Amino acid sequence: MAKIIRFISADGQIYWGVADHPQFKIALPVIGSIFESFDVTDEPIEVKKLLPPVLPPNILGIGLNYKRHGDETGIKTPDMPVMFMKATGSIIGPDDPIILPRVGPDQVDYEAELAVVIRKKAKNVSADDAMDYILGYTCANDISARDWQIRKQKSQWVRAKSFDTFCPLGPCLVTTDEIPEPHRLSIQSEINGRILQDSNTSDMIFDVPTIVSDLSQSTTLFPGTVILTGTPHGVGFTRIPPVYLKAGDVVSIQIENIGKLTNPVVLEE
């Protein structure tokens, strides 16, 4: 199909649309549900602001899913996908600010991730059938407050990853026919133009069908569910010295064939 965006038009209306322009300045609105069937109109609309491409009912994350990231953390490779969740209120779109919380502004980390978007209800699906349940992919930044993750919450991850603004998504959703092989994509993160993560989804331990199938055994995956498939090596807390986000930074996540998701960083007032 195409690159799908969700956006605000010049007259303040919210649309889903199809856009091929590199900066997503113009889109063709769609009629119908992107999760079922839709038609693309032939009248272009000016895009005033990009929004998160989906508003999911759930955000499920997979931890320690890249071999070299596991090595840098010193944690043993898991035998099965390790799931955590993020609050849906953490979602923001392209160019929206990542807010460093007053209760923990000093150890906020970045994580470049390939995000999977579920197309139809999935429960107890097999790995062989899992791709039929996927609508497409987008870029995600799994922002994490490491002091809350490691110390304050006793290694329980959810709260550390669920602060407001801690889940940037975008800039678009690319349907599976545009990316038939999601395990050969370059993936990067950069802060202020400095590349800090530079890897490939081929380093994943568990591939996308395995993840979808595994999660569906315990949790019904409803349309729009977002699955974060893990981050590669190069995260901030493993560096010497550590690199954490600070006010004034601009952080970007870029994935091959999807695009670049960029957000400024500010301190909570």
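Arg146 lies in helix α2, which covers residues 146-152; helices here are DSSP runs of H or I with at least four residues, strands are E runs of at least two, and both are numbered from the N terminus. The model is predicted, so local features need pLDDT of at least 70 and side-chain atom pairs count only at pLDDT 80 or more, while totals for chains, interfaces and linings use all residues. Residues are numbered from 1 along each chain as its sequence is written, and side-chain values use heavy atoms, with hydrogens and water left out.

Two residues are set out below. Buried denotes under 20% relative accessible area, exposed over 50% and partly exposed in between, with a 1.4 Å probe and protein chains only.

| Residue | Element | Relative accessible area |
|---|---|---|
| Arg146 | helix α2 (residues 146-152) | 3%, buried |
| Leu169 | strand β14 (residues 167-175) | 0%, buried |

Beyond its neighbours within four places in sequence, Arg146 has contacts (heavy atoms within 4.5 Å) with residues including Asp109, Glu111, Lys161 and Phe237. Leu169 is separated from Lys152 by 17 residues in sequence and by 27 Å between C-alpha atoms.

The chain as a whole contains 3 helices and 19 strands. Of its 269 residues, 53% count as buried. Among contacts in the chain between residues at least 6 apart in sequence, those joining residues at least 24 apart make up 72%. The C-alpha trace spans about 50 × 45 × 30 Å along its principal axes.
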